[in-house]
Each structure stands twice: as C-alpha cells, then as structure tokens.
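Work through the exercises below with the sequence and the structure at hand. Each task is followed by a solution in steps.

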Amino acid sequence: EFMADFRVHARLRGSDEEETVKPAYMTLPPSIGVPSIAPSCFSCFDYTNGLADVVVGYMGAPFDAKRDEMTTAPLMVTVRNERGRR
C-alpha cells in the first residue's frame, strides 16, 4: 500500500508470523517498483478523482509515520455532490 509517508507498507507472510516493511518507494528495485504501478497510472488525468461523486483515500488525511499502519491510518472521505450524499 502506498501511504502518505511516501513509503510502501507491505505485509510479508513468513512461516509463523507476519512482518510489515516500510521501504521508501524510490528505494525499491525496478523489478519490484515498476510492475507495482498500474499502466493506467502513467497516463492518469484525474489523480484526485475530480470526476467522482465520492472519493476515499489517504491524500490530505492526517498521518503519523511512527504510529499509523496501513490498517489503522485515517482516510479522507470527500463527498462532492448530492449524488455522493445518497
């Protein structure tokens, strides 16, 4: 999960336990970083989802890099119109 601290939070499953790693995205080797980006992201014209009725995401939400994890970080919900309120 690409988080607000510009790191990729990933849960790794080992034999007996689960580990969370948080490498900075730019430090990932190309063999991992490049395939993790959807091809549509390279040509996105609507990164903030300006055409959506409701948007849910990390952009603009408060984030504490020492405390928040991908399963507990707050999300920002933006309702843009009446249709989104329903």
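**Exercise 1.** Place asparagine 49 in this predicted model, state whether asparagine 49 is buried or exposed or in between, and list what asparagine 49 touches beyond its sequence neighbours.

Solution.
- Step 1. Asparagine 49 sits in the loop that runs between H1 and S3.
- Step 2. The relative accessibility of asparagine 49 is 37%, so the residue counts as partly exposed.
- Step 3. Leaving aside residues up to four places away in sequence, asparagine 49 touches Val55 and Arg80.

**Exercise 2.** Determine how many helices and strands the protein has, and give their order along the sequence.

Solution.
- Step 1. There are two helices and four strands.
- Step 2. Read along the sequence, these elements follow the pattern β-β-α-β-β-α.

**Exercise 3.** Find the salt bridge formed by aspartate 53, and describe which parts of the chain the pair links.

Solution.
- Step 1. General background: side chains of opposite charge can pair when their charged atoms come close.
- Step 2. A salt bridge requires a side-chain nitrogen of Lys or Arg within 4 Å of a carboxyl oxygen of Asp or Glu.
- Step 3. The side chain of aspartate 53 meets that of arginine 83 at 3.5 Å, N to O, in a salt bridge.
- Step 4. Aspartate 53 belongs to the loop between helix H1 (30-33) and S3, while arginine 83 belongs to helix H2 (residues 82-85); the pair is 30 residues apart and links distant parts of the chain.
- Step 5. Aspartate 53 has 25% relative accessibility and therefore counts as partly exposed. Arginine 83 has 59% and therefore counts as exposed.

**Exercise 4.** State how many salt bridges the protein has, and locate the one that involves glutamate 82.

Solution.
- Step 1. The count is two salt bridges.
- Step 2. Glutamate 82 and arginine 85 meet through their side chains in a salt bridge, with 3.7 Å from N to O.
- Step 3. Both residues lie in helix H2, three residues apart, which is about one turn of the helix.
- Step 4. Glutamate 82 is exposed, and arginine 85 is exposed as well.

**Exercise 5.** Identify the residues that make the nonpolar surface patch, and explain why valine 79 counts as partly exposed.

Solution.
- Step 1. Val54, Val56, Leu75, Val77 and Val79 make a nonpolar surface patch of about 410 Å².
- Step 2. Strand S3 (54-57) and strand S4 (76-79) are the elements that give two or more residues to this patch.
- Step 3. Valine 79 lies in strand S4. Valine 79 counts as partly exposed because its relative accessibility is 40%.

**Exercise 6.** Describe burial, surface and contacts for the whole chain.

Solution.
- Step 1. The protein has 86 residues, of which 16% count as buried.
- Step 2. Its accessible surface comes to about 6900 Å², and 56% of that belongs to carbon and sulfur atoms.
- Step 3. Among contacts between residues at least 6 apart in sequence, 37% join residues at least 24 apart.

Note on methods. Residues numbered from 1 in each chain as written. Predicted model: local features only at pLDDT ≥ 70, side-chain atom pairs only at ≥ 80, totals over all residues. Heavy atoms only, no water. Patch = residues over 30% accessible without salt bridge, like charges linked within 9 Å, V, L, I, M, F, W, Y side chains within 5 Å. Areas by Shrake-Rupley, 256 points an atom, 1.4 Å probe, with all protein chains shown as cover. Buried < 20%, exposed > 50% of the residue type's maximum accessible area, 1.4 Å probe, protein only. Contact = heavy atoms within 4.5 Å.
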